[in-house]
Amino acid sequence: MIKASTCFPIPKHDHFSKFKATHEAFSTTIQSVQCNKGALMTENQEVFKETLFQFEDYVVEKAKRVNEALDEAVPLRHPLKIHEAMRYSLLAGGKRVRPMLCIASCELVGGEESVALPMACAIEMIHTMSLIHDDLPCMDDDDYRRGKLTNHKAFGEEIAVLAGDALLSLAFEHVAARTAGVSPERVVRAVAEMGAAVGSDGLVAGQVVDIASEGQEVDLRELEYIHVHKTAKLLEAAVVCGAIMGGGETVDVDRMRRYARCVGLLFQVVDDILDVTKSSEELGKTAGKDLKTNKATYPRLMGIEKAREFADRLVAQAKGELSHFDSSKAAPLLGLADYIANRQN
């Protein structure tokens, strides 16, 4: 049995195990879930229905708030072209998983949405920067992202590089300038966490090793290093920063960090599976790219079925870390784990 060294032994807890997350972006969550309600009902039908309805509302409400805040954070102004490029990628849709995780984590430990929203937006700015740079010809060389031309195809390589740089810079400025109702000590802790997630010990480290590994024989240990750093670190920061901003105690922050590590790795395992099982139209980006470039992926090293089993174990493990919390308060994070596991794009 293959285990992820970044996570802890798999608990038996499995809250909301029959919840099937939608396969569309969060903007179409309600429609997709309503179509499948009949298949999702359990013996305790009315209770489950109420829980499902609350999750739908939560997803739609938080996504709307995040999109409004991002729109407000980057208004069109001089120089017009750079701000158009920043907004082009930042407001291009997307699932908003990272800001959702940040807000849900803050609320789980008793914080208000308002204290986490600037950090949630900052995390999404950093994520968008990473996508803009990752799509460049010198990196993954992709033409499409979220069903649209990539930033460098729409604005040119020079502007795309600068748009990514500007979003990274704005992320830190946004947290410092917009956060209210949180102690300076907690803001500094959260900013340090965010910075570490994107630097040479985080996202950049994963990207560098990923580039160096192309065409090379990579084992599961090395593959996990790549994905933990390139993908999972920023999701982990989203959860941990939300918990810090919300006033979480150390023991709770540590539990949520372990949840996030599993969910972060899960995100990439599912991404690898989708790359070989879905079309470009379904994904909104070029499908089969990893196979064509001979990149190491979980399906390639483990096979599709073993990769799916690994994803199932990560979901169970993530949920187990939340078993110490009140299940009603943990419902958004439990639902998000299911969404990440069952997403179709």
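Here are some exercises on this predicted model, each with a worked solution.

Residue numbers start at 1 along each chain as its sequence is written. Local features need pLDDT of at least 70 and side-chain atom pairs count only at pLDDT 80 or more, while totals for chains, interfaces and linings use all residues; side-chain values use heavy atoms, with hydrogens and water left out.

**Exercise 1. The overall picture**

Find how many helices and strands the protein chain has, and what share of its residues counts as buried.

*Solution.* Start with the secondary structure: the protein chain has 17 helices and 2 strands. These are DSSP runs numbered from the N terminus, with helices being H or I of at least four residues and strands E of at least two. Next comes burial, where buried means under 20% relative accessible area, exposed over 50% and partly exposed in between, with a 1.4 Å probe and protein chains only. Of the 345 residues, 54% count as buried. Finally, turn to contacts, meaning heavy atoms within 4.5 Å. Among those between residues at least 6 apart in sequence, 75% join residues at least 24 apart.

**Exercise 2. The largest core**

Name the helix that gives the most to the largest nonpolar core, and list what Tyr259 touches.

*Solution.* First, the term: a nonpolar core is a set of buried Ala, Val, Leu, Ile, Met, Phe, Trp, Tyr and Cys residues joined through side-chain atoms within 4.5 Å. The largest one has 94 residues, and Leu101, Met119, Met125, Tyr259 and Leu333 have the most contacts inside it. Helix H12 (residues 250–277) gives the most to this core, with 13 residues. Now zoom in on Tyr259: leaving aside neighbours within four places in sequence, this tyrosine is in contact with Leu101, Val239, Ala318, Glu321, Leu322, Leu333, Leu336 and Ala337.

**Exercise 3. Two partners of H11**

Work out how H5 and H9 are each oriented relative to H11.

*Solution.* Axes here are lines fitted to C-alpha atoms, for helices over the stretch in contact, and angles run from 0 to 180 degrees between N-to-C directions. Angles under 35 degrees count as roughly parallel, over 145 as roughly antiparallel, 65 to 115 as roughly perpendicular and the rest as oblique.

Step one: the axes of H5 (residues 97–108) and H11 (residues 220–245) come within 7 Å and cross at roughly 30 degrees. H5 is therefore roughly parallel to H11. The residues that meet include Leu101 and Cys102 in H5, and Leu235 and Val239 in H11. By class, this contact has 10 nonpolar, 2 polar and 1 charged residues. For these classes, Ala, Val, Leu, Ile, Met, Phe, Trp, Tyr, Cys and Pro count as nonpolar, Asp, Glu, Lys and Arg as charged, and the others, Gly among them, as polar.

Step two: the axes of H9 and H11 come within 9 Å and cross at roughly 180 degrees, so these two helices are roughly antiparallel. Among the residues making the contact are Arg186 and Ala190 of H9, and Lys233 and Ala237 of H11. The classes in the contact of H9 with H11 are 11 nonpolar, no polar and 5 charged residues.

Step three: look at Leu235, placed in H11 and buried at 1% relative accessibility. Leaving aside neighbours within four places in sequence, Leu235 is in contact with Val97, Arg98, Leu101, Ala260, Val263, Gly264, Phe267 and Ile340.

**Exercise 4. Two charged residues out of sight**

Determine whether Glu124 and Arg96 are buried or exposed, and find where each one lies.

*Solution.* Glu124 lies in helix H6 (residues 113–134) and counts as buried at 1% relative accessibility. Beyond neighbours within four places in sequence, Glu124 is in contact with Leu70, Leu90, Arg96, Arg98, Pro99 and Arg146. That list leads to Arg96, which lies in the loop between H4 and H5. Arg96 is also buried, with a relative accessible area of 4%.

**Exercise 5. Backbone surprises**

Locate a cis peptide bond, and the residues with positive phi.

*Solution.* The bond from His78 to Pro79 is cis, with omega near -10 degrees. Pro79 is found in the loop between H3 (45–73) and H4 (80–90). For positive phi, Arg96 takes about 55 degrees although it is not a glycine. Asp141, also not a glycine, has a positive phi of about 55 degrees; it lies in the loop between H6 and strand S1 (144–145) and is partly exposed at 40%. Gly215, just after H10, takes a positive phi of about 80 degrees.
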